[in-house]
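Let's take a walk through this structure together, one region at a time. Keep the sequence and the 3D view open beside you as you read.

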Amino acid sequence: MSIRILPDTEIKQAAASFQSPALLFANPKNLYQRRAKRLRDLAQNHPLADYLLFAADIADCQLTVLEQHPIAQDPRLKKENLSEQFLASRPLDHQTWQRDPIWREILTALLAQMKAKSNEQTQQTIELLEKTSTAELELLADKLLKQEFAQVSADKAVFIWAALSLYWLQLAQQIPHASNAESADDLHICPVCSAAPVASVVHFDATQGLRYVHCSLCESEWNIVRAKCSNCNQAQHLDYWSIDNEFAAVKTETCGDCHSYLKIMYQDKDPHVEAVADDLANIFLDIEMEEKGFARSGLNPFMFPNEEA
């Protein structure tokens, strides 16, 4: 494990060291407000404006559900039950964590919020999900978390992932928010929940110049070295691509060793960049990278692959 979440006994000592945090945990209200606003800003004169506005509506609804239906403290994450071994091994690993049925209640509330905002086609998807059995919903969630994307239609996947993400984000709020970087290995997936990243963002404030990769599920961010591939950790054959110019706020980082790519964003060029929103709005970079033979190493919760990797 390359990033270790610290138990309460070590947090004060870590805070006194003045080191940049290896992990950044989301501020949920700020996260959804910023994402929705950014999506609406990016939608102006965008060829995919309708879809960006749809994604903004989902972010709004996630915030509403969070405020109106917050999940209770999970007994497994109470302070007395958190061992150092548990915290050191991706404590919310989506492959091993036993989901609480509350995530389906989140989905139900999310669908109810979206109904009034949706067009006829989206309302049909919502109604289908509302009629889907508990067993089938759990199966669809399992397939998404296992990255069996071809087994779940994209219209349903967006809503199911939005509910799962809101559930995992709230779980992440219940664990200690301090961490240490222990090595540069194994950083291609989230140290909290083991999900794939969306994109990376180079910060310009208190963590100036540091790159943080944003999780597609629990919305946490983790620090990785800028001069290495976020997927395979190699540094010899990295290239950076943009559509506009070399000073663009959003680029793709491609690796000639593993033939993957992930978008990288620069707050010093645009302080308003947001991982999910800007990644989605720059979908034409994805098309160009795939034409060049690179495979995406990340996942956007509003842009699921049509085929299994």
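At what angle do helix H5 and helix H7 pack, and how far apart are their axes? Helix H5 covers residues 102-115, helix H7 covers residues 134-145, and the two pack at an angle of about 95° with their axes 11 Å apart. That makes H5 roughly perpendicular to H7, a label used for angles of 65 to 115 degrees. The axes are lines fitted to C-alpha atoms, for helices over the stretch in contact, and the angles run from 0 to 180 degrees between N-to-C directions. Helices here are DSSP runs of H or I with at least four residues, strands are runs of E with at least two, and both are numbered from the N terminus.

Before going further, a word on the ground rules: this is a predicted model, in which local features need pLDDT of at least 70 and side-chain atom pairs count only at pLDDT 80 or more, while totals for chains, interfaces and linings use all residues. Residues are numbered from 1 along each chain as its sequence is written, and side-chain values use heavy atoms, with hydrogens and water left out.

Back at the helix pair, you can pick out the residues where the two meet. Trp103, Arg104 and Leu107 come from H5, and they meet Thr134, Leu137, Glu138 and Ala141 of H7; contact here means heavy atoms within 4.5 Å. Helix H7 also takes part in a salt bridge, in which the side chains of Asp142 and Arg99 meet at 3.0 Å, N to O. Asp142 lies in H7 and Arg99 in the loop between helix H4 (84-87) and H5, so the pair ties together parts that are 43 residues apart in sequence. Salt bridges that share partners join Arg99, Arg104, Glu138 and Asp142 into one network. The term salt bridge stands for a side-chain nitrogen of Lys or Arg within 4 Å of a carboxyl oxygen of Asp or Glu. Asp142 is partly exposed, with a relative accessible area of 29%, whereas Arg99 is buried at 13%. Buried means under 20% relative accessible area, exposed over 50% and partly exposed in between, with a 1.4 Å probe and protein chains only.

How many salt bridges does a search of the whole structure find? The search finds 18. One of them joins the side chains of Asp41 and Lys37 at 2.9 Å, N to O. Both residues lie in helix H2, four residues apart, which is about one turn of the helix. Asp41 is partly exposed at 35% relative accessibility, and Lys37 is exposed at 53%. Arg76 and Asp74 form another salt bridge, their closest N and O atoms being 2.8 Å apart. In that pair Arg76 is partly exposed at 33%, while Asp74 is buried at 6%.

Now turn to a charged residue without such a partner. Glu221 sits in strand S6 (residues 221-224). Glu221 is buried yet has no salt bridge, and the nearest side chain of opposite charge, Arg34, is 6.9 Å away. For this purpose Lys and Arg count as positive and Asp and Glu as negative, while His and the chain ends are not counted. Which side chains make polar contacts with Glu221? The side chain of His214 does so at 2.8 Å, and that of His203 at 3.4 Å. A polar contact is a pair of N or O atoms within 3.5 Å; within protein, one must be able to donate a hydrogen and the other to accept it, and residues adjacent in sequence count only if both atoms are side-chain atoms.

Val213, in strand S5 (residues 211-215), is among the residues that Glu221 touches. Val213 is buried at 2% relative accessibility. Its C-alpha is 9.5 Å from that of Leu23, although the two residues are 190 apart in sequence.

Finally, look at two loop residues. Asn45 has a positive phi, near 60°, in a residue other than glycine, and lies in the loop between helix H2 (28-43) and helix H3 (49-68). Ser194 also has a positive phi, about 70°, although it is not a glycine; its loop runs between strand S3 (179-181) and strand S4 (197-202). Are these residues buried or exposed? Asn45 is exposed at 82% relative accessibility, whereas Ser194 is buried at 10%.

Conventions:
Parallel < 35°, antiparallel > 145°, perpendicular 65-115°, else oblique. Lists of a residue's contacts leave out its neighbours within four places in sequence.
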